[in-house]
Amino acid sequence: MKRYLLKTFKYLGVLLALLLAFVIVFPMLYPEYVTQKVKKLANDNLNGELNFTKAKLTFFTHFPSLTLNLDNVLLKGSAPYQNDTLVSVKRLSLGIDVKDLLFSKKIDIEGIYLKNALVHIKVNEQGEANYNVYKSQSDELIDEDDDSARIDLQRIEIRNTQLIYDDKSTGIYLLANGFNYLGKGGLSESIFDLHTKAEIQSLDFLFGQETYFKNKHVNAELITQINTHSLSFVFEHNDLKINRLPVDFKGKLDFLSNGYDINVEINSKDSNLDDFFTALPPQFTQWHEKATLKGKTDIFFSMKGKYIASQNLSPDIYLKMKVREGYVGYQGVLAAADHLYLNVETSFPSLDVNRVGVKLDSIYFTIGKEYFSGILSLNGINPPVIDAKVRANINLENVMKLTDMKELHLKGMLLANVKTKGTYAPEQHLFPITRGTLEFTEGMLKTPYYPNPITDIFFKGEVENTDGTLETLALQFKPLTFSFEQKPFMVNMAMQNFEDIRYDIQAKGELDIAKIYKVFSQKGLDLEGYVNADLSLKGTQSDATQGHYHLLHNKGTIELRNIKTTTEYLPKPFIIQQGRFRFKQDDMSFTNFRATYGNSDFLMNGRMSNVINFLFSKNQVLKGNFTVASNLLDLDEFMYTDPLPTSREETELSESETPAIPAEKGVVVVPKPFDFNLNANFKKVVLQGLEILNLKGSTQLKKGVLSLKDVNFNVIGVTAQIDASYADETPKRANFNFKVKADNFDVQRAYKEVKLFREMASMAKDAHGIVSLDYTVGGKLNADMMPVYPSLKGGGTLTVKDVQMKGFKLFNVISDKTGADTLKDTKLSTIDINSSIKNNLITVERFKFKVSGFRPRIEGQTSFDGQLNFKMRLGLPPLGIIGIPIKITGTQENPKIGLGSKSKDLEETEYDENTKATNEEENTESVSEENCHSNRRDDSNGY
């Protein structure tokens, strides 16, 4: 017996030795062969660039599997991410089928193992992804007898990996740290079941830059049917656990060429309310740590439909939640919310906010003897259809403490009994049928924006609507009182019939606007100053509209001091230094109203009417007549600026790291709902570097149009008269018209100081002397408040009284070509030059003059970009009977002179207001016509 045992151990030892020798020696025989075949497999099947530093074949990494270990593997993504990393791993292991390698030299990869890897998936706004690195091959191209490497996966194992999914087309961002994954199944088949165990130590999930999961622990056991031909996933049996919340996940996900087809359901039944809060977004985490939660909850979530961004298709979302016998307590708070019941359903068809539906069958809880009870049904947003009922007798301080609202301190007893049902659509004259009372006593409000609270808040209000129209709507607050900074403020208000508002309002008290604003801090708005009101307003809107002022009882005063308003739409703050308004019936008068805006100052006196209609109705116009005086009006400071949006990444940078991006420019925006007649007296007006002095005249601001009539002003040393109108059409485009008359001004000074004159009369650069102008021009302005030249239309007369052309290239070239030296630096006097503007061209009508015995006659066109097409007859001394026909083409900087009268017309540029309003980007159209003067016969007398 002993001999047989020794022989058995001997054979076993030899067998083990042979097996060990095989395990050690066999990988040494095939390392280069296996590596080359794997490289060929990668090159044949991957679009992305694959690199690794070393390859080693061994049994010991994943014994008993033969494993090819690739060190420092780096796989780049597919276009357009071919330069970015898709997968980075220190060691990638590939499991090899030993039998096929030993007997047929075939390399079948049965398993993939990753450890301590980084997988970074990216999708851009157009839906282009970096993971499309695998080249698909048809089945008939696969040769079963081919000895190259093949993929016959049965196992995928991932350990301690970081997975990032950043999809900018859907706004989804997912970060999984400590990702462990084990997948088993016939992964090489076109349709197979994948059995999966997965664990994520820390999961972050963001949608639309809002965080929904933060540091959540996830466990999952999944059975998923995968169709690789259509890239379809069917989730058959999937048990997940998000922190402590158990979840059943079922459904289907199809990857389309341009999006996704989704049909998934998430269900959690009879779960603990406390477990539910462990799966909520991070906003609730800190509160949950100190909260005591009891009760049961059911949750159901579904998402069904196609998501195709390019076709604006989105899935439907449905959420249902129930809470039974809930209890909410909080550390350090004596009172707890008990008997909590909640039953809510929310639908979000096609992710369209206007079709959102909410059905809150019930919400109920008690805090001691206090209670809150409510139901709500909301169907749609534009317009909303509402059915709600609220009953409450509760101290809001207890609610604030239980929800740990430390930044907002609100207390006071709220008694509510409100029922409302119907459609809220004021533009359709609809309001829900409503009956209700609200009472709030012993109230106090303190926010983190200001150290002192608003105290002694009290109001008692009623709301009633009997038939669902605005006509029967009635509101009443008697009184609303509060105290701020030890100064009381009181409002009594009763309003009925919102089709023809009957109002009775009294307001009295003082407010420090700067401090009260800080209590209700609002982004994009900044207020400062002081208001003292003593008002009594009583009457009917129709009485004001129809002029029955004797039936109105409006009186009182509002005093303003140092009111400063700043918004994101105004480049600079508007400051009311001093103003006292007096109300009498429908009029509001004011005296010595002083204000500043940037460097500009204003002093106004006058009155405004239709005040009540303007305050109570959307489409009413505020009317006024007053005088306005100013030492300086800088119009450049009123130009619209468009603040550029800041991305999430930019806001996270420090101020020193964020590059300064200038706001986009825009035209001067004119307020629309005003009808003001102003008698203006501005000592100095600045626009685009031009200084206008002593501007006086009538100005009207009506429905967004600013008009000047018989306005006189001093500019470039002379008195001018102008009629003009201006209106912004968009924040980046405006319309203007003006008629200007200026006598005897210095042409050189006008060229240097008036930009529009310089653009329209560029030849004035070489002119020295006195001219007069009587001209009308209209057109569009772009975002830089510069004219869009193709849009300009107009005409008029430039009168040359005593001008010398010094170094004028056109005359100098003609002089050189004709030998008429007297045309150089010629002097002109008493010439009327008529011209018109259209389609980017200035057409100069025929004019003639005498110079040193010569009798030139000129007509033709020039464009705003400097192109020339003039015809000139140079009448020779002594009487000009004999003339030389000359054509002038080229540019103003490089004119070309030739004999004859035939020349090609300049190209017109027609304005299309549907195109971008700039001088560089306009819809151009060439209009080829025979010159309108080319058929004229030269007169025998030289004229």
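**Reading the labels in a predicted model**

Tutor: In this predicted model, threonine 196 has a relative accessibility of 6% and counts as buried.

Student: Why is threonine 196 called buried?

Tutor: Buried means under 20% relative accessible area. Threonine 196 is at 6%, so the label applies. The residue is placed in strand β8, residues 191–207. Beyond its neighbours within four places in sequence, threonine 196 is in contact with Tyr181, Leu182, Gly183, Ala220, Glu221 and Leu222.

Student: What makes the approach of the side chains of threonine 196 and tyrosine 181 a polar contact?

Tutor: The distance is 3.4 Å, and the cut-off for a pair of N or O atoms is within 3.5 Å. The pair therefore counts as a polar contact between the two side chains.

Student: How do you know that strands β11 and β12 pair?

Tutor: Pairing requires at least two bridges. Strand β11 (residues 245–256) and strand β12 (residues 259–272) have nine, in the antiparallel sense, so they pair. One of the partnerships joins aspartate 254 to aspartate 261 in β12. The hairpin from β11 to β12 runs through two residues.

Student: Why is the pair of phenylalanine 205 and tyrosine 212 called tilted?

Tutor: Their ring centres are 6.4 Å apart, and a pair needs centres within 6.5 Å. Planes under 30 degrees apart would be stacked and over 60 edge-to-face. The planes here are at 55°, so the pair is tilted.

Student: What makes both of these residues, phenylalanine 205 and tyrosine 212, partly exposed?

Tutor: Partly exposed lies between the 20% and 50% limits. Phenylalanine 205 is at 23% and tyrosine 212 at 37%, so each value falls in that range.

Student: What makes phenylalanine 277 and tryptophan 287 an aromatic pair that is tilted?

Tutor: The centres lie 5.5 Å apart with 45° between the planes, which meets the 6.5 Å limit and is neither under 30 nor over 60 degrees. Phenylalanine 277 is in helix α4 (residues 273–278) and tryptophan 287 in helix α5 (residues 285–289), ten residues apart. Both phenylalanine 277 and tryptophan 287 are buried.

Student: Which residues touch the most other members of the largest nonpolar core?

Tutor: Of its 87 residues, these are Phe581, Met608, Phe626, Phe676, Phe713, Tyr726 and Phe745. Another core, apart from it, has 51 residues, including Tyr330 and Leu445. Phe581 also belongs to an aromatic cluster with Phe590, Phe593, Phe626, Phe674 and Phe676.

Key
Residues are numbered from 1 along each chain as its sequence is written. This is a predicted model: local features need pLDDT of at least 70, side-chain atom pairs count only at pLDDT 80 or more; totals for chains, interfaces and linings use all residues. Side-chain values use heavy atoms; hydrogens and water are left out. Helices (H or I, at least four residues) and strands (E, at least two) are DSSP runs, numbered from the N terminus. Buried means under 20% relative accessible area, exposed over 50%, partly exposed in between (1.4 Å probe, protein chains only). A polar contact is a pair of N or O atoms within 3.5 Å; within protein, one must be able to donate a hydrogen and the other to accept it, and residues adjacent in sequence count only if both atoms are side-chain atoms. Contact means heavy atoms within 4.5 Å. A nonpolar core is a set of buried Ala, Val, Leu, Ile, Met, Phe, Trp, Tyr and Cys residues joined through side-chain atoms within 4.5 Å. Rings of Phe, Tyr and Trp (its six-membered ring) pair if their centres lie within 6.5 Å; planes under 30 degrees apart count as stacked, over 60 as edge-to-face and the rest as tilted.
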